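Let's take a friendly walk through this fold, sheet by sheet and helix by helix. Have the structure open as you read.

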Amino acid sequence: MNTQVSGAEVLNPSATRAPLLSVNDLSIYFRAGRGRSNRVVDNVSFDVARGETVGLVGESGSGKTVTGLSLLGLLPDGIAWSEGDVSFEGRQIGALPEPELRKLRGRHISMIFQEPMTALDPVFTVGDQIAETLITHFKISKKEAKARAIQALADVGIPLPQKRAEEYPHHLSGGMRQRAMIAIALACEPQLLIADEPTTALDVTIQAQIIDLIMKLVADRGTSLIFISHNLGVVAEVCDRMITMYAGQVVEDAKTDDVLISPQHPYTSGLLASVPRKS
């Protein structure tokens, strides 16, 4: 990929690696009324290799989250739509009918959403929500799914997982709800995990625990990761590559270490300069 944006060349260091996910000229539109539409993501292109961890960074409104949602076909019908090609393991996601997309979501590509209290269903127990995912994709018995759900909660470090599996989301603390979300996202061992601001609204200590947990599980399972965040400090710790978005466009795509040492785009430089430092 050699795209010119604001005079800066967008570098793609994964171009020589076989991509698990390939995004080419993705544009996303929101309906604005009276036949008008606003383009909120503009010709975005990037690849994600197997086992690679990629940070998608930028300020609020830069298009990070809607890009992540579009990869799973989760843009709201009638309000938003996309153009361009998104391929996973060589299959074009946009061309798949809804039943095939459901088979892909959770099983092969999974997502940790920003706010677990709104992402989790308040009327079902945490264990039932994990078990539902397992039953849907593996066609196993309810008994086996429940056992796997308890194990999934144990894998993400929730104490007394058998007890917690019988509880509802509002019974859990913010940190535990986020761990439950991670358990749901990783229960089917997907090849690609999209983590959208997974530490939002958590205190600093819990944030560190959640980030360490995600990285351990991803490394242990060889899962590719797209980590969406405005926190460059976290992305620097977590990701091999950093993709910077500004006003719906990719303005820089390079190895994280290279970006931190020598950013090539003024906006990336501005983001780095905004990171608080010890005086």
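## Naming the elements

Helices here are DSSP runs of H or I with at least four residues, strands are runs of E with at least two, and both are numbered from the N terminus. With those names, the loop between α4 and α5 is where you will find Lys139. Please keep in mind that this is a predicted model.

## The six-stranded sheet

Let's begin with an open sheet whose six strands follow the order β8-β9-β10-β5-β11-β12, with mixed pairing. Its edge strands, each paired on one side only, are β8 (109-112) and β12 (249-255). From one strand to the next, the twist averages 15 degrees.

At one edge, β8 pairs with β9 (residues 192-196) in the parallel sense, over four bridges. If you would like a landmark there, Ile112 has Ala195 in β9 as its bridge partner. Helix α1 (residues 64-71) packs on this sheet, touching β5 (53-57), β8, β9, β10 (224-229) and β11 (241-246). The direction of α1 makes about 150 degrees with that of β10. Helix α11 (residues 266-273) also packs on the sheet, with β5, β11 and β12 as the strands it touches. Its direction makes about 105 degrees with that of β11.

## The four-stranded sheet

Another open sheet has four strands in the order β4-β3-β6-β7, with antiparallel pairing. Here β4 (36-49) and β7 (91-92) are the edge strands, each pairing on one side only. Helix α1 appears again: it packs on this sheet by touching β3, β4 and β6, and its direction makes about 115 degrees with that of β3.

Strands β3 (residues 19-33) and β6 (residues 80-88) pair in the antiparallel sense over eight bridges, and Leu21 finds its bridge partner in Phe88 of β6. On to β4: ten bridges join β3 to this strand, and the two run antiparallel. Within β4, Val41 is the residue that stands opposite Ile28. The hairpin of β3 and β4 has two residues between the strands.

## Helices α4 and α5

How do α4 and α5 lie relative to each other? The axes of α4 (residues 126-138) and α5 (residues 142-155) come within 8 Å and cross at roughly 120 degrees, so the two helices count as oblique to each other. Their crossing is right-handed. Residues of α4 that meet α5 include Val126, Gly127, Ile130 and Phe138, while the α5 side includes Lys142, Ala149, Ala152 and Leu153.

## Two nonpolar cores

Nonpolar side chains tend to be buried together in soluble globular proteins. The largest nonpolar core in this model has 50 residues, and Ile130 and Ile182 touch the most other members. Helix α7 (residues 174-186) gives the largest share, eight residues. Setting aside neighbours within four places in sequence, Ile130 is in contact with Ala149, Ala152, Leu153, Ala183, Ile184 and Ala187. Apart from this core lies another, of 32 residues, among them Phe46, Leu96, Leu104 and Met245.

## Two positive phi values

Most residues other than glycine have a negative phi. Arg34 has a positive phi of about 55 degrees although it is not a glycine, and its place is the loop between β3 and β4. Is Arg34 buried or exposed? Its relative accessibility is 87%, so Arg34 counts as exposed.

Lys139 also takes a positive phi, near 55 degrees, and is not a glycine either. With 69% relative accessibility, Lys139 counts as exposed, because the cut-off for exposed is over 50%.

Terms used: Residues numbered from 1 in each chain as written. Predicted model: local features only at pLDDT ≥ 70, side-chain atom pairs only at ≥ 80, totals over all residues. Heavy atoms only, no water. Pairing = 2+ DSSP bridges. Axes fitted to C-alpha atoms, helices over the stretch in contact; angles between N-to-C directions. Contact = heavy atoms within 4.5 Å. Core = buried A, V, L, I, M, F, W, Y, C linked by side-chain atoms within 4.5 Å. Buried < 20%, exposed > 50% of the residue type's maximum accessible area, 1.4 Å probe, protein only. Parallel < 35°, antiparallel > 145°, perpendicular 65-115°, else oblique. Left-handed = near helix turned anticlockwise from the far one by under 90°.
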